Protein chains: 4
Amino acid sequence: MIELGPNRYGKSAIRLVKVIRGPDRHQVRDLTVAVSLEGSFEAAHIEGDNSLVVATDTMKNTTYALAKDHLDGPVERFAGTLAEHFLGFEQVDFATVTAREHAWQPIPVPSGAARDAFMRDASFTRFAEAEARRGETRVRAGLEDLTVLKTTKSAFVGFPRDRFTTLPEAADRLMATKVSATWAYTPGRPALDYDALFDGVRRSLLEVFAEHESPSVQASAWIMGSAILERHADVDEITMRLPNLHHWQVDLSPYGLGNDGEIFVATTEPHGLIEATVRRRTE
Amino acid sequence: MIELGPNRYGKSAIRLVKVIRGPDRHQVRDLTVAVSLEGSFEAAHIEGDNSLVVATDTMKNTTYALAKDHLDGPVERFAGTLAEHFLGFEQVDFATVTAREHAWQPIPVPSGAARDAFMRDASFTRFAEAEARRGETRVRAGLEDLTVLKTTKSAFVGFPRDRFTTLPEAADRLMATKVSATWAYTPGRPALDYDALFDGVRRSLLEVFAEHESPSVQASAWIMGSAILERHADVDEITMRLPNLHHWQVDLSPYGLGNDGEIFVATTEPHGLIEATVRRRTE
Amino acid sequence: MIELGPNRYGKSAIRLVKVIRGPDRHQVRDLTVAVSLEGSFEAAHIEGDNSLVVATDTMKNTTYALAKDHLDGPVERFAGTLAEHFLGFEQVDFATVTAREHAWQPIPVPSGAARDAFMRDASFTRFAEAEARRGETRVRAGLEDLTVLKTTKSAFVGFPRDRFTTLPEAADRLMATKVSATWAYTPGRPALDYDALFDGVRRSLLEVFAEHESPSVQASAWIMGSAILERHADVDEITMRLPNLHHWQVDLSPYGLGNDGEIFVATTEPHGLIEATVRRRTE
Amino acid sequence: MIELGPNRYGKSAIRLVKVIRGPDRHQVRDLTVAVSLEGSFEAAHIEGDNSLVVATDTMKNTTYALAKDHLDGPVERFAGTLAEHFLGFEQVDFATVTAREHAWQPIPVPSGAARDAFMRDASFTRFAEAEARRGETRVRAGLEDLTVLKTTKSAFVGFPRDRFTTLPEAADRLMATKVSATWAYTPGRPALDYDALFDGVRRSLLEVFAEHESPSVQASAWIMGSAILERHADVDEITMRLPNLHHWQVDLSPYGLGNDGEIFVATTEPHGLIEATVRRRTE
């Protein structure tokens, strides 16, 4: 016997820009949204019965339409509103909305900041996810594409050596990574200030990255993650994905030159990949 | 209390080419490999103790070294050998190896097929995954980047209409998707012929895609998935990820031209995304 | 004094799919088109006078509209028709149309080849360019994304050595490249069979790549280019861009293993880049 | 008769990071370098004679070696030093070095700015090019990947309408582009302050983009370019490549909603592409 297993469907890569034209200055919200639904879609698959299949085109239209009235605060709140909207369809048990927000900064001009001209700040992408089921909506926030580098305070020593181990011990090395992190907010807290929380977590992550002594990327993940949980009571858990973007010191001795931590070749292939979740223990 | 949750680490994007120099012709194996380990790595995170941390550089070296003697059959088998190797470390409970194999075809020359010159066949990427734990290794195969298109036998009608629905019913539309599919082989079967199975599943998928009448991408996923399970007894389940790459018919009427399913604009943003697993029911 | 120098404008990334629904089988044409115009656009720049500025949106519309009646033969001919159309605007002196054609193959089914279902063949991209000015249209053809590899018959020896040279001589190495080539057809030839010519040049390029002994990528460019000019009288010149995608032999001796041209690491950064034009001498 | 036409070769995608470890703070220089040579390379192509072929591997080594002592000021100066080095080979007539510099900012920490930890600033990429021939080195600077958007002060009206024109006149539209610009410094000027000039041109470009009224992207290119030449006497000419990244206002009327310049769909395919050079007239 053959059966349908887990399934979901939706619309991805919905590109949405909203301009909020205030009296003094404009504001730009720039999102890439994805909607995904789970529910009673067995007949759609097995019998080709579309009577319950909300069209993905409708999901796209809904995203633009709800943005008109509801995209006026933190992106997490808009994701939640949009996800909960789809629970209005009886056949939907579970709606997930993810939104990546691309930041725009006012262009500096002699008089201060331009009121209606912006430049893209590609230093990171803000991520939000709302998972709505009847009775509960869970919210995660996150950041992606945040590339950071430490020029010291990173080591990797004391690891086991087998027949295939050639890596020398490194008491002082460069450490670079492109952070992807998402964190869950404790459910049931009323009215979190998502913008302030996002800024706080991002600032904490950067600060701890800058200041800690790293014995390994694994330890760095723990140190950053546990610091974030200690500093931010509304954060329940954080999952980090940290590629180790190796920088290899170049051997300049054939040219009669020394190289004491100065000249490196930056590489992306291959790369280490460290993934860890740090969370509050529930007893 | 803060604790370490799920964690794993490894090496990704290991680019490996093996040339097998047979007496009559050469053969090229071109893989992108990733290794990931789970196990007793709590001290590494929390205490910065690297004594159990197999270096990701060692994983890379091991991949190249084992390819010398063991990359001589299906990529699934190499992935399994490599994953099982890492169980030789006591601290490792679970080792996952994924390998993407890039196909090369001999270049046609007047005398037949070149014996030592090849062209990349980028029509799809073959995927293999081995998950090894003590006592069992599970193998999945898959394919990615297989882009297909039907010019008829695809419809989407009878879907619900709400305030935000503007999509017209389509009795005959283009359907295009870039297939990602992975399937699990039933554990415990001795000596599967992974190459023949891969070719068979790929052929089945293409044939059914070509021949079926599609009432929706969801139904197509079911029809293709259940056909594969019916035809291939060693396949236990298959998971498909099918973006709906919309082709919109262009309105040429402003120019006094008709357009009866002839001229389309191909789009990738936004796209539908349909994901489904089809599996054998275990009672 | 400040003046306007060279300038042009147009529309890029126009994605166009045409389905030709023949009685026995369908055919898919899948193009990415760019249009670019040069002419009397000084007032547009300096005075903001748009009265002569053909909208790029109009270029897009024209591309779709002309495809309806004119995209029924070689892509080079469609590029020419489209480029010449824009000379209908008096202010246009020079119109360039480039088109990349993405190939689709019928899916093999038990009864032969599917008549209305296709798979993308991503082994190369066909390129066409038409440059129209009053009285003359010049046509180039080309191919991109053709990745090829030789497992022998490639060497690199006898190069000069200076203080910074560490590369050993290589009497037998792997050679891999991703070919970009464009070639010009002799102007004034009536009614070239562009499809047959494209296939012929592509076949020649592959054959010569496979069969020649390469002392360097530079020499390979000359050998392939001059062979193409010798074999194809309608080709006037050919320009090749050949990245040298290095494959480095892995040192397996630390693991007690030999490696005689078997195990390589494939790299893309950094890469050599060899560019050369081969042409008929005009005396 | 067949002959060799224009040709050049070199090494691309050389990824170089230099850490300058000052007493108070570290500094990171992160470059992607390409070297390209032209000269007496006919024998290399036609006769397979490598005796004059500087290995591209040597170019890479040289880049790292010269970075040790010479990458301590503006990237333009390093590009010039590196290009001029290759004129030391008699057979080289012309050496081009391009360098893209990726910016890193110190991470903000409670005590101020981290002295040895950095975050990547991906808001733009700085570009430098040095073309060295005996007796003269020409320097260009540039920027890439600078994405900007105006929410007003952009119009496009008064353009010609033909059979294929459907675009409505737009008195007030969004204008977005991803600027690529390169500019030439007047040769023969002693000791330009390349860093200050780069910052100045970038600031001018942003300011003028923000403040001007745009009747078309063509006019914007002229307004920005001529302003830069007026403000910066050492800049001889500037070439801009400005894709018009269309933002289409979404029709929300089917949902009973207005949309007065609020909700847009951001697109990249197709896009307008405007290219123009603005230069000093030489009489």
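Me: In this predicted model, how many bridges join β10(A) to strand β1 of chain B?
Reply: The two strands run antiparallel, with β1 of chain B covering residues 2-21. For one pair across that seam, look at L273(A), which stands opposite G10(B) in β1(B). The number of bridges joining β10(A) to β1(B) is 9.

Me: OK, and which element gives the most to the side of chain A that touches chain B?
Reply: The contact takes in 66 residues of chain A and 66 residues of chain B. Elements of chain A giving two or more residues to that side include α2 (56-70), α5 (217-231) and β10 (271-280). The biggest giver, with 14 residues, is β1(A).

Me: How do the residues of that side of chain A divide into nonpolar, polar and charged?
Reply: We're still on the side of chain A that touches chain B, where 66 residues of chain A are in contact. Charged residues number 13 and polar ones 22. That leaves the nonpolar class, at 31.

Me: What rotation superposes chain A on chain B?
Reply: The fit has an RMSD of 0.0 Å, and the shift along the axis is 0.0 Å too. The same surface serves both copies, as 100% of the contact residues of chain A recur in chain B. The rotation is 180°.

Me: Now chains B and D: what kind of axis relates them?
Reply: Chain B lands on chain D with an RMSD of 0.0 Å after a 180° rotation and 0.0 Å of shift along the axis. Of chain B's residues, E269(B) comes closest to that axis, its C-alpha at 4.5 Å. A 180° turn with 0.0 Å of shift is the relation of a two-fold axis.

Me: How many residues does the contact take from chain B and from chain D?
Reply: On the chain B side, the classes are 3 nonpolar, 1 polar and 1 charged. The copies meet through the same surface, because 100% of the interface residues of chain B are also interface residues in chain D. The contact takes 5 from chain B and 5 from chain D.

Me: Back inside chain A, what separates the centres of domain 1 and domain 2?
Reply: The domain assignment puts domain 1 at 9-134 and domain 2 at 146-279. Taken over C-alpha atoms, the centres of these two domains of chain A are separated by 30 Å.

Me: Which element supplies the largest share of the side of domain 1 that touches domain 2 in chain A?
Reply: The contact takes 7 residues from domain 1 and 5 residues from domain 2. Both α3 (75-86) and β4 (112-133) of chain A supply at least two residues of the domain 1 side. With 4 residues, the largest share comes from β4(A).

Me: Is F78(D) buried or exposed?
Reply: F78(D) sits in helix α3 of chain D, residues 75-86. Beyond its neighbours within four places in sequence, F78(D) is in contact with H70(D), L71(D) and A99(D). The cut-off for burial is 20 or more other C-beta atoms within 10 Å. F78(D) has 26 C-beta neighbours inside 10 Å, so the verdict is buried.

Me: Last one: how far apart are the end C-alpha atoms of helix α4 of chain D?
Reply: Helix α4(D) has 18 residues, 194-211, and at 1.5 Å a residue should span 26 Å. Its buried residues include Y194(D), F198(D) and A210(D). The distance between the end C-alpha atoms agrees with that expected span: 25 Å.

Conventions
Residues are numbered from 1 along each chain as its sequence is written. Chains are lettered from A and ligands numbered from 1 in the order in which they are written. This is a predicted model: local features need pLDDT of at least 70, side-chain atom pairs count only at pLDDT 80 or more; totals for chains, interfaces and linings use all residues. The expected span of a helix is 1.5 Å times one less than its number of residues. A residue is buried if 20 or more other C-beta atoms lie within 10 Å of its own, exposed if 12 or fewer, and partly exposed in between; C-beta atoms are placed from the backbone. Two residues are in contact if their C-beta atoms, placed from the backbone, lie within 7 Å. Ala, Val, Leu, Ile, Met, Phe, Trp, Tyr, Cys and Pro count as nonpolar, Asp, Glu, Lys and Arg as charged, and the others, Gly among them, as polar. Two strands pair if DSSP finds at least two bridges between them. Domain bounds come from an automatic or database domain assignment. Copies are superposed by least squares on the C-alpha atoms of residues with pLDDT of at least 70 in both.
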